[in-house]
Amino acid sequence: MKAIQRRQEILNWLDSEKSLSLTDIVGRFSVSKMTAHRDMEILEQRQLLKRIHGGVVAQDRGQARGAVPAPVRAKEFDCLVCRRPASQNLLYSITLITGEQRQACCPHCGIAAHLTIGDNIAMAMTADFFFGRPHPVQKSFFVLGSVVAPCCMPSVLTFEAEDVARRFQKGFGGIVGRFNDALKYLQQELTVDNEREVCPHCKEGKK
Ligand SMILES: [Zn+2]
Ligand SMILES: [Zn+2]
């Protein structure tokens, strides 16, 4: 289990049990005391829980709000990156480690969110560009930089099936990759020209 998933689980347990001992965390995840301490420390730094002697207790959610970085405080149904309203077939939904839900207008902004606030993201779902079916981003096949750019540029589209992604790529260009390729691709694209906005397309649309 990844550290980020484990920390999310710790928060889930705290939600239902209100307190957890160090021994609970060590026992349930089969991790060392040091790892458990580190998790508790990190979650406390983010104000998601409070450490007490020998364990942790739930942090009041109202207080935790302040720990969420500014871009995440956007209106709930608008894109958390560019504030554009999210549309069904491009929807990219993000669950923060605080349990809060956020949406990106398209996989482009979804991936951009991972690049900027990745540490705060517990999981993310994307929709199939053709069929709209939601599925976890880790399972998705990304077509990166094709000429089909219904929302933000460069275009990032997601498909549930690899063969559909490859056929789409044959027709409309770009490259096919997985989640990690999408992160690398967008990071490169966004750092090529620092002057460029995260969503130049969205910005043009607003003019
Ligand atoms: Zn956006
Ligand atoms: Zn977009």
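This is a walk through a predicted model of one chain, starting with the whole and then moving to its helices, loops and strands.

Let's begin with the overall picture. The chain has 207 residues, and buried ones make up 32% of them. Its secondary structure comes to 8 helices and 10 strands. If we take the contacts between residues at least 6 apart in sequence, 56% of them join residues at least 24 apart.

A good place to zoom in is the pair formed by helix H1, residues 3-17, and helix H3, residues 33-45. Two packed helices are described by the angle between their axes and the distance between the axes. Here the axes come within 11 Å and cross at roughly 70°. Angles of 65 to 115 degrees count as roughly perpendicular, and H1 and H3 are therefore roughly perpendicular to each other. Which residues meet where these helices touch? From H1 come Arg6, Arg7, Ile10 and Leu11, and from H3 come Asp39, Ile42 and Leu43. By character, the residues of this contact between H1 and H3 divide into 4 nonpolar and 3 charged, with no polar ones.

Let's stay with H3 for a moment. Its 13 residues reach 18 Å from the first C-alpha to the last, close to the 18 Å expected at 1.5 Å a residue. Four names are worth finding in your viewer: Ala36, Asp39, Met40 and Leu43 are the buried residues of H3. They cover an arc of only 95° around the axis, which puts them on the same side of the helix H3. Turn to the other side of H3 and you will find Met34, Glu41 and Gln45, which are exposed. What do the buried residues of H3 pack against? Their partners are H1, helix H2 (22-29), strand S2 (49-52) and strand S3 (55-58).

Next, some backbone geometry. Most residues other than glycine have a negative phi, and most peptide bonds are trans. Against that background, three places in this model deserve a look. Just after H3, Gln47 takes a positive phi of about 60°. Gln47 has its place in the loop between H3 and S2, and with 16 C-beta neighbours inside 10 Å it counts as partly exposed. Ser30 also has a positive phi, near 50°, and is a residue other than glycine. You can find Ser30 in the loop between H2 and H3. Is Ser30 buried or exposed? With 8 C-beta neighbours inside 10 Å, Ser30 counts as exposed. The third place concerns a peptide bond: the one from Met153 to Pro154 is cis, with omega near -10°. Pro154 is found in the loop between strand S8 (141-144) and strand S9 (156-159).

Now for some residues that bring together parts of the chain far from each other in sequence. Lys18 sits in the loop between H1 and strand S1 (19-21). Lys18 is exposed, with 10 other C-beta atoms within 10 Å. Its C-alpha is separated by 5.2 Å from that of Ala58, although the two residues are 40 apart along the chain. Setting aside residues up to four places away in sequence, Lys18 touches Val57 and Ala58. Another exposed residue is Ile52, which has 12 other C-beta atoms within 10 Å and belongs to strand S2. The C-alpha atoms of Ile52 and Leu20 are separated by 9.6 Å, with their positions 32 residues apart along the chain.

Our last stop has residues with many neighbours. Helix H5, residues 107-117, is mostly covered, since 8 of its 11 residues are buried. Those buried residues are Pro107, His108, Cys109, Gly110, Ile111, Ala112, Ala113 and His114. Two of the residues in that list, Pro107 and Gly110, are among the residues touched by Thr126. Thr126 has its place in strand S6, residues 121-127, and with 31 C-beta neighbours inside 10 Å it counts as buried. Beyond residues up to four places away in sequence, the other contacts of Thr126 are Tyr92, His135, Val137, Ser140 and Thr158. Leu90 is 36 residues from Thr126 along the chain, and their C-alpha atoms are separated by 7.4 Å.

Notes:
Residues are numbered from 1 along each chain as its sequence is written. Chains are lettered from A and ligands numbered from 1 in the order in which they are written. This is a predicted model: local features need pLDDT of at least 70, side-chain atom pairs count only at pLDDT 80 or more; totals for chains, interfaces and linings use all residues. Axes are lines fitted to C-alpha atoms, for helices over the stretch in contact, and angles run from 0 to 180 degrees between N-to-C directions. Helices (H or I, at least four residues) and strands (E, at least two) are DSSP runs, numbered from the N terminus. Angles under 35 degrees count as roughly parallel, over 145 as roughly antiparallel, 65 to 115 as roughly perpendicular and the rest as oblique. Two residues are in contact if their C-beta atoms, placed from the backbone, lie within 7 Å. Ala, Val, Leu, Ile, Met, Phe, Trp, Tyr, Cys and Pro count as nonpolar, Asp, Glu, Lys and Arg as charged, and the others, Gly among them, as polar. The expected span of a helix is 1.5 Å times one less than its number of residues. A residue is buried if 20 or more other C-beta atoms lie within 10 Å of its own, exposed if 12 or fewer, and partly exposed in between; C-beta atoms are placed from the backbone. The arc is that of the directions from the helix axis to the C-beta atoms.
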